[in-house]
Amino acid sequence: MPAYLDHASTTPPHPAARAALLAALDEGWADPARLYREGRRARMLLDAARETVAGVLGARADEVSFCASGTVAAHLAVLGTAAARRRAGDLVLVSAVEHSSVLHAAERHERAGGRTHTVGVDGYGRVDPAGFTPPPGTALVSLQHANHEVGTVQPLAAVTEVAHAAGVPVHTDAAMTVGQLPVDVGELGVDLLTASGHKFGGPPGVGILVVRSGTRWANPMPADERESGRAPGFPNLPAIVAAAAALHARAGELAAERERLGALTARLRARLPELVDDVELLGDPDPAGRLPHLVAFSCLYVAGEALLGELDRAGIAVSSGSSCTSDTLTPSHVLVAMGALSHGNIRVSFGRGSTEADLSALLDVVPGAVTAIRERAGAVGL
């Protein structure tokens with residue numbers, strides 16, 4: 001049986017999402033902005049989905065908006081806050097290991113005349129909160145909750161405390177943690193949070209944007225009355241309802257799944273150095289400092305794309321290189337920032353359907369695949 005081990009990219013729909021999607025296709029096809037019966041029914045479904053998401057994330061319902069993707073949500077969070085706080089300053093602080101959606105938004109801000117500053121990370125991919133002390137003129141701090149490539153959890157609460165002491169709001173990209181770790185905007189102290197439905201078992205095409213009450217934010221897109229003016233366009237209501245159902249279901253499974261998946265990743269991290277020479281495990285070695293479902297490693301003298309191909313031929317799906325720009329075949333900006341080996345990189349991520357058999361299949365194939373690639377490259381024995 002094939003082993004799908006790329007759940008950090010996207011995970012299959014949760015059964016709760018499937019059921020909710022089918023029901024919403026029948027009941028939620030109308031325009032929720034209309035006042036006739038079908039519109040009111042659709043509006044009730046949309047409001048219920050918003051309440052569900054807000055409840056899981058510790059937000060108020062009126063702070064939650066839905067948009068077309070997690071990428072769009074991140075763009076709106078960064079650019080909308082920068083636009084609203086022009087009088088306070090034009091500097092946006094980001095970490096060197098942010099997802100490309102955040103970095104591209106920062107680049108767009110810079111091209112429009114603003115300033116950006118990139119904060120470096122240590123060898124685990126973690127920032128030092130002191131590096132996010134905002135200088136005068138800072139409009140926004142944006143720091144991911146956990147890294148999408150190596151799984152390191154950032155000291156977000158500490159960074160938020162530092163930023164708020166200077167009167168600067170904080171956005172966090174929580175796409176990797178929502179559905180994997182408890183995420184509460186109040187406990188984290190963040191002012192804006194973004195996430196993506198397909199990462200936790202919802203359908204693709206649903207982004208979550210949380211803008212806390214009192215946060216200065218202005219839509220950087222042309223005006224639209226949808227989603228309280230935050231996200232333009234007709235909402236994909238069936239997908240939104242399904243994403244909310246998946247998130248609610250994941251919240252109920254979270255404790256058990258964290259323990260189960262953490263055991264799988266712990267075994268993988270322990271066995272890889274025993275089975276493969278010259279392998280570097282990436283991210284925080286402390287389980288408390290990393291995502292429970294993700295392991296990233298690099299193999300010396302091995303091209304990541306070649307190893308991915310060998311695993312794919314064996315029926316095992318993983319990701320290689322930069323998880324957000326792997327089609328460019330450029331070195332991962334995350335690994336470069338960490339000072340880690342940027343070739344021969346593989347990211348393995350487990351999900352609710354992953355089993356011990358999947359892990360065993362991976363461990364059976366990886367040693368031979370690495371040896372074969374090194375032999376073809378003439379690197380065995382070096």
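Three short exercises on a predicted model follow, each with a worked solution.

**Exercise 1. The sheet**

Work out the order of the 4 strands in the open sheet, and find which are the edge strands.

*Solution.*
- Step 1: Read the order across the sheet. The strands run 9-10-13-12, with antiparallel pairing.
- Step 2: Look for strands that pair on one side only. These edge strands are strand 9 (279-282) and strand 12 (319-320).
- Step 3: Turn to strand 10 (residues 294-299) and strand 13 (residues 345-349). Their antiparallel pairing spans 5 bridges.
- Step 4: Pick a residue and look across. F297 faces I346 of strand 13.

**Exercise 2. Helix 8**

Which residues of helix 8 (residues 304-313) are buried, and what covers them?

*Solution.*
- Step 1: Apply the cut-off: buried means under 20% relative accessible area. In helix 8 that gives G304, L307, G309, E310 and L311.
- Step 2: Find the cover over these buried residues. It includes strand 10, strand 11 (316-317), strand 12, strand 13 and helix 10 (356-377).
- Step 3: Check what comes after the helix. G315 follows helix 8, and its phi is positive, near 85°.

**Exercise 3. Two loop residues**

Where do E227 and S228 lie, and is each buried or exposed?

*Solution.*
- Step 1: Locate E227. It sits in the loop between strand 8 (207-211) and helix 7 (237-275). S228 is also in the loop between strand 8 and helix 7.
- Step 2: Read the backbone. Neither is glycine, yet phi is positive: near 50° for E227 and near 55° for S228.
- Step 3: Judge accessibility. E227 has 9% relative accessibility, so E227 is buried. S228 has a relative accessible area of 64%, so S228 is exposed.

How values were computed: Residues are numbered from 1 along each chain as its sequence is written. This is a predicted model: local features need pLDDT of at least 70, side-chain atom pairs count only at pLDDT 80 or more; totals for chains, interfaces and linings use all residues. Side-chain values use heavy atoms; hydrogens and water are left out. Two strands pair if DSSP finds at least two bridges between them. Buried means under 20% relative accessible area, exposed over 50%, partly exposed in between (1.4 Å probe, protein chains only). Contact means heavy atoms within 4.5 Å.
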